[in-house]
Amino acid sequence: MSKKITKRRTKSQLEKELDRVFSIFIRMRDSNEDGDALCFTCGKADKWVNMDNGHYISRAHRSTRWNELNCHIQCKRCNIFMHGNYPSYALNLTRVFGAGVLEELSALKNITTRFTASDLEEMIAKYREINVQKMS
C-alpha cells in the first residue's frame with residue numbers, strides 16, 4: 001500500500017491561491033444572483049466573471065490585501081487601465097461606508113501584518129467554502 005505524499009505549499013503559493021479565491025468571493029459578493037454586476041468606480045455593467053477584484057489600498061500592503069472593505073468589483077478599464085480609478089473609488093467608499101472609511105483603511109495599511117502559512121490556509125478554506133455556498 002502506498003502512502004500519498006502531500007507537499008507543503010510555499011507562502012507565495014498560498015498567497016496566490018488566496019488571491020484567486022478571495023477575488024472570486026469579492027466579485028460574486030458584488031454581483032446579483034444572475035451574475036450581473038456594476039463596476040464600483042464607474043458603474044459599467046458586466047458579468048462578475050469578466051470583472052476584477054479592485055483594491056483601494058494597493059495589494060502590496062498585506063494588512064489590507066484581503067480586507068473586504070478595501071476590495072470591490074471593478075471593470076478592467078478602471079482597475080487596470082485607470083490604475084484603480086482612485087478618485088471615484090474614494091468618493092464611492094465615502095458615499096457607501098461613511099466619512100471615516102478612508103482614514104480607517106489608511107491607518108490599516110500602516111500596520112505590519114505577517115500571515116503564517118496556517119493563517120493563509122484558514123483564509124483560503126473560509127473563502128472557498130463561501131464561494132461554494134454561493135455557487136450552489
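How much area does the chain expose, and what share of it do carbon and sulfur atoms supply? The chain exposes about 8,500 Å², and carbon and sulfur atoms supply 54% of that (Shrake-Rupley method, 1.4 Å probe).

This is a predicted model, where local features need pLDDT of at least 70 and side-chain atom pairs count only at pLDDT 80 or more, while totals for chains, interfaces and linings use all residues. Residues are numbered from 1 along each chain, and side-chain values use heavy atoms, leaving out hydrogens and water.

**Whole chain.** Show the cartoon. You will find six helices and four strands (DSSP runs: H or I of at least four residues, E of at least two). Their order is α-β-β-β-α-β-α-α-α-α. The C-alpha trace spans about 60 × 40 × 25 Å along its principal axes.

**Leucine 18.** Select leucine 18 in helix α1, residues 11–29. Leucine 18 has a relative accessible area of 0%, so it is buried (under 20%, 1.4 Å probe, protein chains only). Beyond neighbours within four places in sequence, its contacts are Trp66, Leu120, Met123, Ile124 and Tyr127 (heavy atoms within 4.5 Å). Measure to methionine 123: the C-alpha atoms are 7.0 Å apart, across 105 residues of sequence.

**The helix pair.** Now add α6, residues 117–135. The axes of α1 and α6 lie 9 Å apart, at an angle of about 30°. That makes the two helices roughly parallel (angles under 35 degrees). Residues that meet here include Leu14, Phe22 and Phe25 in α1, and Ile130 and Met135 in α6. The residues of this contact divide into 14 nonpolar, one polar and eight charged.

Definitions and conventions. Buried means under 20% relative accessible area, exposed over 50%, partly exposed in between (1.4 Å probe, protein chains only). Axes are lines fitted to C-alpha atoms, for helices over the stretch in contact, and angles run from 0 to 180 degrees between N-to-C directions. Angles under 35 degrees count as roughly parallel, over 145 as roughly antiparallel, 65 to 115 as roughly perpendicular and the rest as oblique. Ala, Val, Leu, Ile, Met, Phe, Trp, Tyr, Cys and Pro count as nonpolar, Asp, Glu, Lys and Arg as charged, and the others, Gly among them, as polar.
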